[in-house]
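Reader: Hi! I'm new to this one and would love a friendly walk through it. Could you put it up first?

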Amino acid sequence: QVQLVESGGGLVQAGGSLTLSCEAVGRIFSIIYMRWYRQAPGNQRELVATFTSGGNTDYAESVKGRFTVLRDYNKNILYLQMNSLKPEDTAVYYCNAGGRTTAVSTFLEWGQGTQVTVSS
């Protein structure tokens, strides 16, 4: 069983910064990718950033240049550094990860979500 534990959300003024973290715990053989999604009220969940096992990263156009994903391989933690935050970044942010629990078994899990609110 693999769980994703998120932390770091909160309230910040526009232009400020926050860092979210997502720790994957449990029986993990390998992690293929870790992602951050977000969902604002009334909107669909959207992909914000991806970090692959090869170290490749990808970002939504709306956050490029402002958000950065970093991975602590030793602790299986994915960070999302968010700078120059805008009110439109307000959403519940979810961590998502896929990988293997054994050489032949896979996992795909979501975190519980953490609220980020940016005031104008």
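Author: Happy to. One term before we look around: a residue is buried if its relative accessible area is under 20%, exposed if it is over 50%, and partly exposed in between, using a 1.4 Å probe and protein chains only. Also, this is a predicted model, where local features need pLDDT of at least 70, side-chain atom pairs count only at pLDDT 80 or more, and totals for chains, interfaces and linings use all residues. Residues are numbered from 1 along each chain as its sequence is written, and side-chain values use heavy atoms, with hydrogens and water left out.

Reader: Good to know. Let's try one residue: is Arg66 buried or exposed?

Author: Arg66 counts as buried because its relative accessibility is 10%. Arg66 sits in the loop between strand 6 (57–59) and strand 7. Strands here are DSSP runs (E, at least two residues), as helices are (H or I, at least four), and they are numbered from the N terminus.

Reader: And what does the side chain of Arg66 make a polar contact with?

Author: The side chain of Asp89, at 2.8 Å. A polar contact is a pair of N or O atoms within 3.5 Å; within protein, one must be able to donate a hydrogen and the other to accept it, and residues adjacent in sequence count only if both atoms are side-chain atoms. A polar atom of the Arg66 side chain also lies 2.9 Å from the backbone oxygen of Ser62.

Reader: Which residues does Arg66 touch?

Author: Not counting residues up to four places away in sequence, Arg66 touches Gln81, Met82, Asn83, Ser84, Leu85, Lys86 and Asp89. Contact means heavy atoms within 4.5 Å.

Reader: Ser84 is in that list. Where does Ser84 lie?

Author: In the loop between strand 8 and strand 9. Ser84 is partly exposed, because its relative accessible area is 42%. Its phi is near 45 degrees, a positive value in a residue other than glycine. Most residues other than glycine have a negative phi.

Reader: Which residue in the turn between strand 7 and strand 8 has a positive phi?

Author: That is Asn76, with a phi of about 55 degrees. Strand 7 and strand 8 form a hairpin there, with 4 residues between them. Asn76 is buried, as its relative accessible area is 17%.

Reader: Let's zoom out to the sheet. What is the order of its strands?

Author: This open sheet of 4 strands runs 1-3-8-7, with antiparallel pairing. Strand 1 and strand 7 are the edges, each pairing on one side only. From one strand to the next, the twist averages 15 degrees. For such angles, axes are lines fitted to C-alpha atoms (for helices over the stretch in contact), and the angles run from 0 to 180 degrees between N-to-C directions.

Reader: How many bridges join strand 1 to strand 3?

Author: There are 6, and the two strands run antiparallel. Two strands count as paired if DSSP finds at least two bridges between them. In strand 3, Glu23 is the bridge partner of Val5, and Gly26 is that of Val2. Strand 3 (residues 18–26) is also joined to strand 8 (residues 77–82) by 6 bridges, with Ser21 partnered by Tyr79. Strand 8 then pairs with strand 7 (residues 67–72) over 6 bridges, and Met82 is the partner of Phe67.

Reader: Which residues are on the covered face of strand 1?

Author: Val2, Leu4 and Glu6, while Gln3, Val5 and Ser7 are on the uncovered one. In a regular strand the side chains alternate between the two faces of the sheet.

Reader: New topic: how many disulfides does the structure hold?

Author: It holds 1, joining Cys22 to Cys95 with an S to S distance of 2.0 Å. A disulfide here is a pair of cysteine sulfur atoms within 2.5 Å. Cys22 is in strand 3 and Cys95 in strand 9 (residues 91–100), so the pair ties together parts that are 73 residues apart in sequence. Both Cys22 and Cys95 are buried.

Reader: Why is the disulfide called left-handed?

Author: Because the torsion about the S-S bond of Cys22 and Cys95 is about -80 degrees.

Reader: Last one: what does the side chain of Tyr59 reach?

Author: The backbone nitrogen of Val69, at 3.0 Å. Tyr59 is found in strand 6, and its contacts beyond four places in sequence include Val48, Phe67 and Val69.
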